[in-house]
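Visitor: Hi, I'm new to this one. Can you walk me through it?

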Amino acid sequence: RYHDRVTVLPMAVDLPPAAPPARPTKPAGQCELLWVGSSATMVYLDALRPVLERLSQSRPGVTLRLVAHEPCAFGKLPVDFRPWTHAEQDAALRECDIGLCPMPDTVWTRGKCPYKVLQYMAHAMPWIGAAVGENIATAGDNRGLCAATPEQWHQHLLALIDDPAKRHTMGHAGHQYVEQYHARAALTQRLAAFWLTGVTR
């Protein structure tokens with residue numbers, strides 16, 4: 001509205017050194033979910049409690065790695081709690097199998113940057129998130145799964161837990177998307193080109 005030269009750059013994320021990173025190979029039936037967050041967003045994960053408790057009954061080989069500021073229990077589901085540090089977050093992004101991104105449908109979350117899922121995708125990790133805001137757009141073309149109800153969460157979890165090939169395909173699709181549109185190095189070049197074009201006008 002006020003200027004004839006405007007560009008919009010998306011959120012930048014750092015890609016891991018290995019591109020795309022290899023996911024760990026685990027025995028059949030073994031799968032580690034991941035949630036990374038703070039005490040302020042722990043309430044988002046708590047909304048998944050019935051789903052995770054139900055999952056523990058049908059898939060005993062599934063665990064949850066919780067990289068956060070305080071522990072939390074979900075029935076009989078084994079929880080590997082690790083206090084948040086950069087090192088623990090990086091290790092979890094390398095080692096876990098499925099990322100979780102639950103959140104409520106509010107005015108805030110509809111406009112929120114999907115940074116958590118971009119981190120998952122940068123590490124070629126498939127993810128399931130709430131069908132809210134930018135999660136929906138980011139999940140397009142088989143890069144992630146979005147759930148609007150507890151039953152959808154449960155079905156999406158089973159689909160990824162029981163199908164390592166699907167996890168691999170989705171993880172690599174996500175990594176390619178982030179590499180093309182959100183990699184810090186590529187965005188730095190775009191921003192520099194935009195500035196230099198303005199200088200030479």
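**Helix α8 and beyond**

Guide: Let's start with a helix. This is a predicted model. In α8, the buried residues are Arg167, Met170, Gly171, Gly174, His175, Tyr177 and Val178.

Visitor: Why do the buried residues of α8 line one face of the helix?

Guide: Look down the axis of α8. Its buried residues fall within an arc of 160°, so they line one face. In general, an α-helix has 3.6 residues a turn, so residues three or four places apart point the same way.

Visitor: Which residues are exposed on the other side of α8?

Guide: Ala165, Gln176 and Gln180 are exposed there.

Visitor: And how many residues does α8 have?

Guide: It has 18, running from 164 to 181. From first C-alpha to last, α8 reaches 26 Å, close to the 26 Å expected.

Visitor: New topic. What order do the strands of the open sheet have?

Guide: The order is β3-β2-β1-β4-β5-β6, six strands with parallel pairing.

Visitor: Which strands stand at the edges?

Guide: β3 (79–83) and β6 (145–147) do. Each has a single partner strand, so one side of each lacks a neighbour in the sheet. On average, neighbouring strands are turned by 25° against each other, direction ignored.

Visitor: How many bridges join β5 to β6?

Guide: Three, and the two strands run parallel. In one pairing, Ala130 has Ala147 in β6 as its bridge partner.

Visitor: Last one. Is Gln119 buried or exposed?

Guide: Buried, because its relative accessibility is 15% and the cut-off is under 20%. Gln119 sits in helix α5, residues 115–122.

Visitor: What does Gln119 touch?

Guide: Gln89 and Leu93, leaving aside residues up to four places away in sequence.

Methods. Residues numbered from 1 in each chain as written. Predicted model: local features only at pLDDT ≥ 70, side-chain atom pairs only at ≥ 80, totals over all residues. Heavy atoms only, no water. Helix = DSSP H or I, 4+ residues; strand = E, 2+ residues; numbered from the N terminus. Expected span 1.5 Å × (residues − 1). Buried < 20%, exposed > 50% of the residue type's maximum accessible area, 1.4 Å probe, protein only. Arc of directions from axis to C-beta. Pairing = 2+ DSSP bridges. Axes fitted to C-alpha atoms, helices over the stretch in contact; angles between N-to-C directions. Contact = heavy atoms within 4.5 Å.
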